[in-house]
Amino acid sequence: MTISAKDHPEPGSETSPAGEDLVLGERIRDLRKRRKLTLAQLADACQLSIGYISQIERNLAYPSIPALVNIAKSLGVTVQWFFAGASPVPQDEHGYVVRRGNRLKIQYDHGIIDELVTPRMSLQVEMIYTRLPPGTESAESYTHDGDGVGFVVSGELEMWLGERHFHLYEGDSCSYSSGEPHRYRNPGSREAIVIWAISPPSF
């Protein structure tokens, strides 16, 4: 998948992250340094601009979903590695229970938020609770390993799977190979909530 610098916001065009989201840029930068990669080397591997990655690392911009997928692949991890937040988990619940207020999160550009509702790196499936404000989208298609299922809890969702296009409404679901280019959009006037199941965990 090729993503050019023109597909991404210029400095200052996105709202700067705040609070717990600051950890995303730090985790990307720290992992890049542990891999002994320069910004230029990571940018080349991701086919993204140096300036764009620098903005993300310095918490001046949120990444798009495809951009973070590319960054994760280039650093040898899945996107799941970058989920952060939450409070300490009671020992007897560790690896079994994820409380509503204790989910790990990632925020992307335009206010899209993913919340991990399964324990990190466990079992053979991961489930993600996604909130999409009205009009937001993953504008570029992306791929990863495994198979996916999306269930629309509320609102509506347009889904592109390769050349196929589907308009889903509350209660609808779709299944697909995550290796097929896919993207989605909330065409509605209210927030859409979607639960994704991915097996094996590869996002």
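Let's start with a charge and a ring: the charged end of R27 sits over the ring of W81, 4.2 Å from the ring's centre. Keep in mind as you look that this is a predicted model. A similar kind of contact involves R183, which lies over the face of W160 at 4.0 Å from the ring centre.

Now let's turn to rings that meet other rings. How many aromatic pairs does a search of the whole structure find? The search finds four. One of them is formed by Y142 and F203, whose ring centres are 6.2 Å apart. The angle between their planes is 45 degrees, and the pair is tilted. It counts as tilted because 45 degrees is neither under 30, which would be stacked, nor over 60, which would be edge-to-face.

Where do these two residues sit along the chain? Y142 belongs to the loop between β3 (126-132) and β4 (147-154), while F203 is in the segment after β9 (192-199), so this pair ties together parts that are 61 residues apart in sequence. Are Y142 and F203 buried or exposed? Both Y142 and F203 are buried.

Next, find Y184 and W196, which form another tilted aromatic pair. Here the centres are 5.1 Å apart and the planes meet at 35 degrees. Y184 is in strand β8 (residues 182-185) and W196 is in strand β9, so their pairing ties together parts that are 12 residues apart in sequence. Y184 and W196 are both buried as well.

Finally, look for Y176 beside this story: ring pairs link Y176, Y184 and W196 into a cluster.

Definitions and conventions:
Residues numbered from 1 in each chain as written. Predicted model: local features only at pLDDT ≥ 70, side-chain atom pairs only at ≥ 80, totals over all residues. Heavy atoms only, no water. Phe/Tyr/Trp six-rings, centres within 6.5 Å; stacked < 30°, edge-to-face > 60°. Helix = DSSP H or I, 4+ residues; strand = E, 2+ residues; numbered from the N terminus. Buried < 20%, exposed > 50% of the residue type's maximum accessible area, 1.4 Å probe, protein only. Lys NZ or Arg CZ within 6 Å of the ring centre and 35° of its normal.
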